[in-house]
Amino acid sequence: MRRILVALLLTVSAFAQSPRIEKIDPPNWWATMPAPMLLVQGENLTSAHFTLSDASLHINKLVISANGHYAQLWLSASPAHSQTIQINVRTPNGRTSSRYSFASRRSSSDSFAGFSSKDVMYLIMIDRFADGDSTNDGPDHAAELAKPRGWHGGDLRGITQHLDYLQQLGINTVWITPVYQNRGSQSYHGYGATDMYAVDDHFGTLADLKDLASALHARHMKLVLDTVPNHIGPNHPWVRDSPDPTWFHGTLEHHTIAQGDFAPLTDLHAPWRDQHNVTEGWFANTLPDLNQEDPAVARYLTQNSIWWIEQGGLDGLRIDTFPYVARPFWQSFHAQLHSLYPHLTTVGEVFNGDPTITSTFAGGVTRTGIDTGLDTPFDFPSYFALRDVFLKDAPMTKLADVLRLDNLYPHPERLVPFVGNHDTTRFLNDPATTPHTLELAFAILTTMRGMPQIYSGDEIAMRGGEDPDNRRDFPGGFVPAPGAVQNDAFNPSSRTPEQQQSFTALQTLLALRRSHPALQTGDEQLLHADQNVLVYVRTLHTPTQPSQRILVAINKAAQPSDTIVNIEATALEGAQQANTLYGSSEATLTTNTLTLHLAPQTAAIFDLK
């Protein structure tokens, strides 16, 4: 009996020490793709020997963590055709294996369309838009709903179910916040990943993401996914057990705090002392900062974005906290993505109101360092100017001053202007501000150069202060509390008068934009700016048709304005007639003069012939 017990204990001990594979990132790859780096996570991988069942594939480099929990397998290539291979692991204490699939790539004509100034982008914070599947709300749903930073139940199916609403508004491009698994009581926002290769259970499944993408593409709409290469969440397993000590800038116990002043990064004379906390600090002092200078981290993050693009057939990426990652990574990242998806578009968050700073992160700009390759940054400078003009009574010349610096961007027409997003207070947060003021801001947003971005809820005059008050649930997307009156803003018959007023105003402006290509891709010429009045023209020249000239005039004053504009040697020279497209103001033309009779607090749009 004792011999049997000893033998049994030896067998159990050997089994406990035998290698195990628990997870592989990425979960799959594609034939003909660039050679992947597979991150194998498991147990007892120290001194492991890895082989592949396909003799044509080789492991060029193998890196195993000191504790035997991770192994980096740098493959020589991807196979020429789709197949499933066997990854074999052998150690002195045993062996194991795992199947790994290389799928066929999507057709190059299958999505990956990119976005441009012809489009209109709509930002959806998944958890706060619509609950389309109550089964993924979680057992403590009622308690979570009561928390301003809790999980409220919005999911991918909820978005798919309301695409009619978006199309009726005039949206054709949907930007959704990250879908990563976020294990944490206040991680509803998606920016604190605990697994970068899993859709969070609260949002649904990978199949739900694919269904959303397919439903959008069937309507000739586009999908842009939020991605976060800068950091992970504090609950990610790597924080306590990283694949390599070099994967982070600092540690949980010893790190610096991210600095939000980007000026030193754009200053050729700034010392590293003033720069390092931008690219190496932990965001909000809680989000572990990844070290993209490490080749394995850089490869992991680039592959991660490729994996999501290929899985969903994405048309673009919104890149979070863009300046917090050093430029060499972005150059390599974009070179890889653009070689695989030539039409895919990226837009980066550069939260700064100074065009001399924001523009340095745009692709094609090298005056302060390596070209990032970014297709465009968000137009934060015009955001701040629009807020100052309409909410703080700054002169219209402030917006004109921002537009004057468009020459700093290689492609100002690619910029993405907006009046609010999920990180800012709502435009209507000030009680003194009215939906009519928002309508004036929308009039500029939808007619100025670039691609307008609308934050979900602004079209129905939602209010809200600082985070999380600016992330209230979309009315109608969630089952109302017992006894509460349902305000379903998705349904015209259920909207309040104020909601309908704002919705109709934006819907009308977007329809106007859609029917006049000059408002999408035309040149922009600023004709007049003073304290209260802004006048500009969008002009589109075509080889086969007469030039299209759309004049936009905004008067934010409480009094009417008679504005006289000299049009000699401008895009309006030779115009003889002004046909009203929007508003009730009047415009008259003489040989060299445009006279605008603008009503108080009004937007006017004219088609000039």
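Two strands are said to pair if DSSP finds at least two bridges between them. In the predicted model described here, strand β4 and strand β7, the latter formed by residues 83-91, satisfy this criterion through four bridges and run in the antiparallel sense. Within this pair, Leu52 has Ile87 of β7 as its bridge partner. Both strands belong to an open sheet of four strands, arranged in the order β2-β8-β7-β4, in which the pairing is mixed. The edges of this sheet are occupied by β2 and by β4 (49-52), each of which pairs on one side only.

Another open sheet, also of four strands, follows the order β1-β3-β6-β5, and its pairing is antiparallel. At its edges stand β1 (20-25) and β5 (59-64); each has a single partner strand, so one side of each is left without a neighbour in the sheet. Neighbouring strands are turned against each other by 25° on average, direction ignored. Strand β3 (residues 37-43) runs antiparallel to strand β6 (residues 70-75), and five bridges join the two. One residue that takes part is Met37, whose bridge partner in β6 is Trp74. Against this sheet packs helix α7 (residues 295-312), which touches β1, β3 and β6. The direction of helix α7 makes about 105° with that of β3.

The confidence of the prediction was examined next. Averaged over the protein, pLDDT is 95, and 98% of the residues score at least 70. Among the elements, strand β9 (residues 121-124) has the highest mean value, 99, whereas helix α1 (residues 2-17) has the lowest, 52. Over residues 5-14 the pLDDT stays under 50, and for this stretch the model has one contact beyond four places in sequence.

Three features of the backbone occur in loops. A cis peptide bond with omega of about -5° joins Asp25 and Pro26, and Pro26 lies in the loop between β1 and β2 (29-30). A cis peptide bond also joins Asp467 and Pro468, with omega of about 10°. Pro468 is located in the loop between β17 (453-455) and α13 (497-515). The third feature concerns Asp393, which has a positive phi of about 60° although it is not a glycine. Asp393 is part of the loop that lies between α10 (380-391) and α11 (397-404).

Empty space in the model was then considered. Rolling a probe the size of a water molecule over the atoms shows where such space is left. The largest pocket contains about 800 Å³ of space. This pocket is lined by 34 residues, of which Phe283, Leu287, Asp423, Asp467 and Arg471 are the closest to its centre. By class, the lining comprises eleven nonpolar, 15 polar and eight charged residues. Asp467, listed here among the residues closest to the pocket centre, is also a member of the cis peptide bond with Pro468.

The second largest pocket holds about 360 Å³ of space. Its lining is made up of 21 residues, and those closest to the centre are Leu145, Phe478, Val479, Pro480 and Ala481. Nine of the lining residues are nonpolar, eight are polar and four are charged.

A search of the whole structure also finds two cavities of 30 Å³ or more. The volume of the largest cavity is about 80 Å³. Its lining includes Ile124, Met125, Arg128 and Phe129, together with Arg426, Tyr455, Ser456 and Met462. The lining is completed by Arg471, Arg472, Asp473 and Phe474. These residues divide into six nonpolar, one polar and five charged. Arg471 thus appears in the lining of the largest cavity as well as among the residues closest to the centre of the largest pocket.

The second largest cavity encloses about 40 Å³ of space. Ala362, Gly363, Asp375, Thr376 and Pro377 line this cavity, along with Tyr409, Pro410, His411, Pro412 and Leu415. By class, six of the lining residues are nonpolar, three are polar and one is charged.

Definitions and conventions: Residues numbered from 1 in each chain as written. Predicted model: local features only at pLDDT ≥ 70, side-chain atom pairs only at ≥ 80, totals over all residues. Heavy atoms only, no water. Axes fitted to C-alpha atoms, helices over the stretch in contact; angles between N-to-C directions. Contact = heavy atoms within 4.5 Å. 1 Å grid on protein atoms, 1.4 Å probe; cavity = no way out; pocket = protein on both sides within 12 Å on 5 of 7 lines; lining within 4 Å. Points joined across faces, edges and corners; volume = space filled by probe spheres on them. Nonpolar A, V, L, I, M, F, W, Y, C, P; charged D, E, K, R; others polar. pLDDT = per-residue confidence, 0-100.
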